[in-house]
Amino acid sequence: MLKVNVRGENIEVTSAIREYVEKKIAKLDKYLDQNVSATAHVNLKTYPDKTAKVEVTIPLPYLVLRAEETSADMYGSIDLVTDKLIRQIRKHKTKVNRKSREKGFDYVDFATDENDENEEKQIEIVRTKNIAVKPMDSEEAVLQMEMLGHNFFIYKDADTNDINIVYRRRDGKYGLININEA
């Protein structure tokens with residue numbers, strides 16, 4: 001049984017919104033085994049630019065389902081988040097079922113559906129690039145990334161000779177990942 005906990009930030013959670021969220025999240029029940037008891041934590045946020053963000057987190061015994069979606073319509077965001085969660089459940093269930101056939105697992109906490117295995121997406125690498133990693137500092141790497149119009153850039157730190165990655169965060173600022181050899 002899936003319980004729903006709805007919270008609002010910068011928005012009053014009306015009974016209409018609460019009922020809509022509960023109705024949509026209740027659709028996930030058919031994918032969960034009857035023995036699973038969980039609480040779906042739903043966060044609704046609105047921003048000054050009239051966008052609405054919906055975050056849903058569902059902690060399960062062996063998996064945490066989490067999805068978020070931002071759009072101009074609160075109800076649209078709720079629909080999109082629900083679809084994301086269903087895809088996550090199906091993907092995990094297919095993976096668990098495949099492992100159980102291969103390795104003989106006993107425990108599967110999702111209800112079965114014959115169509116789910118057909119919906120699994122195969123990972124397909126469609127392009128490969130070779131890059132020359134040049135020594136530079138993080139500021140130069142950010143400039144290179146901006147010139148290329150990419151969201152990340154891989155480079156070799158001139159001081160430490162470690163491979164690093166700079167990336168653009170959603171808030172417009174930059175992040176740095178240091179990759180150290182084990």
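Modeller: Let's start with pairing: two strands pair if DSSP finds at least two bridges between them. Strands themselves are DSSP runs of E with at least two residues, helices are runs of H or I with at least four, and both are numbered from the N terminus. The model is predicted, so local features need pLDDT of at least 70 and side-chain atom pairs count only at pLDDT 80 or more, while totals for chains, interfaces and linings use all residues. Residues are numbered from 1 along each chain as its sequence is written, and side-chain values use heavy atoms, without hydrogens and water.

Biologist: OK, so which strands make up the open sheet, and in what order?

Modeller: Four of them, in the order β5-β6-β7-β8, with mixed pairing.

Biologist: What makes β5 and β8 edge strands?

Modeller: β5 (135-136) and β8 (174-179) each pair on one side only. For β8, six bridges join it to β7, and the two run antiparallel. One spot to look at is valine 166, whose bridge partner in β8 is leucine 176.

Biologist: How do you know that β3 pairs with β2 and with β4?

Modeller: Set the counts against that cut-off of at least two bridges. β2 (residues 38-46) and β3 share six bridges, antiparallel, with histidine 41 facing threonine 57. Nine bridges join β3 to β4 (residues 63-71), antiparallel too, and isoleucine 58 stands opposite leucine 65 there.

Biologist: Why is β3 called largely enclosed?

Modeller: Buried means under 20% relative accessible area, exposed over 50%, and partly exposed in between (1.4 Å probe, protein chains only). Seven of the nine residues of β3 (residues 52-60) are buried, so the rest of the structure largely encloses this strand.

Biologist: And what makes isoleucine 163 "partly exposed"?

Modeller: Its relative accessible area is 30%, so isoleucine 163 counts as partly exposed. You'll find this residue in strand β7 (residues 163-168).

Biologist: How do you know that the span of α1 is close to the expected one?

Modeller: The expected span is 1.5 Å times one less than the number of residues. Helix α1 (residues 15-26) has twelve residues and reaches 16 Å from its first C-alpha to its last, close to the expected 16 Å.

Biologist: Which residues of α1 are buried, and why do they line one face?

Modeller: They are Ile17, Tyr20, Val21, Lys24 and Ile25. Down the axis of α1, these buried residues fall within an arc of 125° (taken from the directions from the helix axis to the C-beta atoms), so they line one face. On the other side of α1, Ser15, Glu19 and Lys23 are exposed.
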